[in-house]
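Open the model in a viewer with the cartoon shown and side chains hidden. The stops below say what to select at each point and what is found there.

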Amino acid sequence: MKASFNSTFVFNIHPITSPSGEGFAFILASNTSLPSSSAGQWLGNVNSTSIRVSNIVVVEFDTRKNYDEDIDDNHAGLDVKSIYSIQQQPLGPHSVNLSSGIDVVATVYFDAKDGKMSIFVSTSDLRLKKPLLVVDLDLSKLLPKDVFVGFSASTGVYTQVNTKRSWNFSS
């Protein structure tokens with residue numbers, strides 16, 4: 001993938017149990033097949049055998065601290081070929097609580113020329129002027145020329161309802 005893109009979407013995570021489920025993800029993938037055994041902590045993206053071999057890049061909106069690598073149960077992170085984030089930031093200091101049942105606005109911008117992915121996350125009434133995350137990334141080395149773009153989510157023992165309210169994607 002060598003093209004720049006900009007994607008803005010509004011989503012809502014409504015917990016059914018306490019604690020809530022696992023999270024919600026924006027994905028760029030080489031195919032549309034979900035790996036088997038990818039429920040729960042895997043967010044429907046990878047499983048224990050597909051880590052480091054799947055051609056997938058994920059912006060995760062994590063509502064559970066499943067691994068020592070997770071900073072908390074309310075963060076955004078960038079995952080490459082894995083469920084473990086290469087960079088992540090807590091959302092609490094930015095007045096965003098993913099499990100609060102309120103609408104969250106996210107923008108993922110990739111500049112192919114500069115090789116940077118910028119991720120903005122805010123509530124619908126408070127837009128961030130600066131990105132939450134900026135990551136150096138060469139998507140042409142991680143993904144094929146043509147990719148599938150979409151969303152995934154999963155639940156396990158704990159559940160939540162994940163709703164995508166709107167989505168705009170341009171490339």
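The tour goes from the whole chain to its sheets, then to the nonpolar cores and the salt bridges.

**Whole chain**

Start with everything selected, and keep in mind that this is a predicted model. The protein chain has 1 helix and 10 strands. Followed from the N terminus, the order of elements is β-β-β-β-β-β-β-β-α-β-β. Colour by burial next: of the 171 residues in the protein chain, 46% are buried. Switch on the molecular surface, and the accessible area is about 8300 Å², with carbon and sulfur atoms supplying 49% of it. If contacts are drawn for pairs with a separation of 6 or more, 63% of them join residues 24 or more positions apart.

**First sheet: E5-E4-E3-E2-E9**

Select strands E5, E4, E3, E2 and E9, which form an open sheet of 5 strands in that order with antiparallel pairing. The edges are strand E5 (85-90) and strand E9 (148-154), each of which pairs on one side only. From one strand to the next, the twist averages 15°.

Begin at the E5 edge. Strand E4 (residues 75-80) runs antiparallel to E5, and 5 bridges join the two. To find the register, select Gly77, which faces Gln88 in E5.

Move across to E2 (23-29). How many of the residues of E2 are buried? The count is 7 of 7, so by the cut-off of under 20% relative accessible area this strand is mostly covered. Show the side of E2 to which Gly23, Ala25, Ile27 and Ala29 point, then the other side with Phe24, Phe26 and Leu28; all of these residues are buried. In a regular strand, side chains alternate between the two faces of the sheet.

E2 has a partner on each of two sides to inspect. With E3, it shares 7 bridges in the antiparallel sense, and Leu28 is placed opposite Val57 of E3. With E9, E2 is again antiparallel and joined by 7 bridges; here select Ala25, whose opposite residue in E9 is Ser152.

**Second sheet: E8-E7-E6-E1-E10**

Now select E8, E7, E6, E1 and E10. These make an open sheet of 5 strands in the order E8-E7-E6-E1-E10, with antiparallel pairing. E8 and E10 are at the edges with a single partner strand each, so one side of each has no neighbour in the sheet. The twist in this sheet averages 15° from one strand to the next.

Inside the sheet, display E1 with E6: this antiparallel pair has 8 bridges. Pick Asn12 and its bridge partner in E6, which is Asp103. Keep Asp103 selected for a later stop.

**Nonpolar cores**

Hide the backbone and show the buried nonpolar side chains. In soluble globular proteins, nonpolar side chains tend to be buried together. The largest nonpolar core has 30 residues, and those touching the most other members are Phe11, Phe61, Met117, Val121, Leu137 and Leu139. Two or more residues each come from strand E1 (5-15), strand E2 (23-29), strand E3 (56-62), E4, E6, E7, E8 and helix H1 (139-142). A second core, separate from that one, has 5 residues, among them Ala25, Ala29, Ile56 and Val58. Ala25 and Ala29 were met above among the residues pointing one way from E2.

**Salt bridges**

For the last stop, show the charged side chains. Side chains of opposite charge can pair when their charged atoms come close. The structure contains 2 salt bridges.

Return to Asp103 and add Arg165: the two form a salt bridge, with the closest N and O atoms 2.7 Å apart. Arg165 belongs to strand E10 (residues 160-170) and Asp103 to strand E6 (residues 103-111), so this pair ties together parts 62 residues apart in sequence. Is Asp103 buried or partly exposed? Asp103 is partly exposed, with a relative accessible area of 25%.

Then select Lys116 and Asp136, whose side chains form a salt bridge at 2.4 Å from N to O. Lys116 is in strand E7 (residues 116-123) and Asp136 in strand E8 (residues 133-136), 20 residues apart. Lys116 is partly exposed at a relative accessible area of 33%, while Asp136 is exposed at 56%.

Terms used. Residues numbered from 1 in each chain as written. Predicted model: local features only at pLDDT ≥ 70, side-chain atom pairs only at ≥ 80, totals over all residues. Heavy atoms only, no water. Pairing = 2+ DSSP bridges. Helix = DSSP H or I, 4+ residues; strand = E, 2+ residues; numbered from the N terminus. Axes fitted to C-alpha atoms, helices over the stretch in contact; angles between N-to-C directions. Salt bridge = Lys/Arg side-chain N within 4 Å of Asp/Glu carboxyl O. Buried < 20%, exposed > 50% of the residue type's maximum accessible area, 1.4 Å probe, protein only. Contact = heavy atoms within 4.5 Å. Areas by Shrake-Rupley, 256 points an atom, 1.4 Å probe, with all protein chains shown as cover. Core = buried A, V, L, I, M, F, W, Y, C linked by side-chain atoms within 4.5 Å.
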